[in-house]
Amino acid sequence: MKKLGIIFALGAVLVASSADAHQASYFMPQVPNPDNMVIDGNDDDWGWIDPAFAINPDSMFEILGSEWPPAKDDWDCILYVAWSSSPDNQLYYFARVTDDSLGLFVENPQEYWKDDSLEIIVDADHSSENFNETEMTSGQQYGIRVLPAAGQKDTWIFNVPQESILWSTEEPFFVYEWTLDPPDAKPLEQPAGSSVTYTYEVKQAIWTFHDKTGPDGSQRHMFGPDQIIGLTFQFDETENPELGREKQPGTTPVNGAFQDNSNGSDFISVETEGATGGSGGGTAVEADSWGRIKSYIAQ
Ligand SMILES: [Ca+2]
Ligand SMILES: [Ca+2]
Ligand SMILES: [Ca+2]
Ligand SMILES: [Ca+2]
């Protein structure tokens, strides 16, 4: 009955009227035990998640006008999203994409969105302002991909020239691993009729205020149950450099989430009974000022 309830709730929220501030809503469960999660690009540590929380093309949107949902052998995905309580206090996600054409052509990380990639747009406090105008201090557009060019990072924050802003794409604040199968797959060299599978797995801290120079002036979001987080996932699907990006499947039916999450989706945090906050390991919250976090909670 519990599973049915979740499915019903998902369906009910997904058809919510466009008069709502945001374009779509999803639920994300609490990670039962963060200590058991291994960020390695494999999903064998996600067996706990109720399949009703899985996001796939049937519960996603495509905003560039391509036929949707696509043929399974053209593009398919499954996406899991979850959160953990303090002291671990992080956003977790895993995605597996099956694609008949690995499209990786740009080398400049600022342009990763032109290729097969995943964009993660975070508005932790659901404030919905234009965060291009605040230079990503009030919301952040992250981009990740597999197989970066030699010497390039696989994680980025778009639309801000100062690379100091990339501090939150690095450990311990952002842990990311990808896989590619077959591991020697290369763009434009794929045998006809074959497909590649690539995965993204991340745990990351999220920030209600993201200073451009580092964590000291930033304010970390503290996860808890029943929160509404502005959070949009947008995959980019490219097959060849001439046509460029052909699909942008994601959790919002409209364009513009890249600069304002009122054009994006909300994720509502659902508590998992008996969950632990993990040992924390002194990593992810180490650089935070606990005084600042406590004052934030007290607000
Ligand atoms: Ca894993
Ligand atoms: Ca494809
Ligand atoms: Ca915000
Ligand atoms: Ca592709």
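Let me begin with Asn-89, which sits in the loop between strand 3 and strand 4, and please keep in mind throughout that what we are looking at is a predicted model. Asn-89 has a positive phi of about 55°, although it is not a glycine. Is Asn-89 buried or exposed? Because 23 C-beta neighbours lie inside 10 Å of this residue, Asn-89 counts as buried, the cut-off for that word being 20 or more.

Now compare that loop with another one, the loop between strand 8 and strand 9, where we find Leu-188. Here, too, phi is positive in a residue other than glycine, with a value near 65°. Leu-188, however, is exposed, because 12 other C-beta atoms are within 10 Å of it, and a residue with 12 or fewer is called exposed.

These two loops bring us to the strands that they connect. Which order do the strands of this sheet follow? The sheet is an open one of four strands, and going across it we read 3-4-9-8, with antiparallel pairing. At the edges are strand 3, which covers residues 75-83, and strand 8, which covers residues 174-181, and each of these pairs on one side only. From one strand to the next, the twist averages 10°.

Let us go through some of the pairings more slowly. Strand 3 and strand 4 run antiparallel to one another and are joined over nine bridges, and as an example you can look for Cys-77, which stands opposite Val-97 in strand 4. Strand 4, made of residues 91-99, also pairs with strand 9, residues 196-204, again in the antiparallel sense and over nine bridges. If you want to see the antiparallel sense for yourself, follow two bridges: Leu-91 has Gln-204 as its partner in strand 9, whereas the partner of Asp-99 in that strand is Val-196. How many residues of strand 4 are buried? Seven of its nine residues are, so we may call the strand mostly covered.

Next, there are two peptide bonds that I would ask you to find in the model. One joins Trp-68 and Pro-69, and this bond is cis, with omega at about -5°; Pro-69 lies in the loop between strand 2, residues 61-62, and strand 3. The other runs from Glu-171 to Pro-172, and this bond is also cis, with omega near 5°; Pro-172 belongs to the loop between strand 7, residues 155-157, and strand 8.

Finally, let us move along the chain to Thr-232, which is part of strand 12, residues 228-238. Thr-232 counts as buried, because it has 26 C-beta neighbours inside 10 Å. Which residues is Thr-232 in contact with, once we leave aside its neighbours within four places in sequence? Among them are Ile-121, Gly-250, Thr-251, Thr-252 and Ala-257, and the list also includes Asn-261, Gly-264 and Ser-265. One more distance can be checked here: Thr-232 and Phe-267 are 35 residues apart along the chain, and their C-alpha atoms are separated by 8.3 Å.

Terms used: Residues are numbered from 1 along each chain as its sequence is written. Chains are lettered from A and ligands numbered from 1 in the order in which they are written. This is a predicted model: local features need pLDDT of at least 70, side-chain atom pairs count only at pLDDT 80 or more; totals for chains, interfaces and linings use all residues. Two strands pair if DSSP finds at least two bridges between them. Axes are lines fitted to C-alpha atoms, for helices over the stretch in contact, and angles run from 0 to 180 degrees between N-to-C directions. Two residues are in contact if their C-beta atoms, placed from the backbone, lie within 7 Å.
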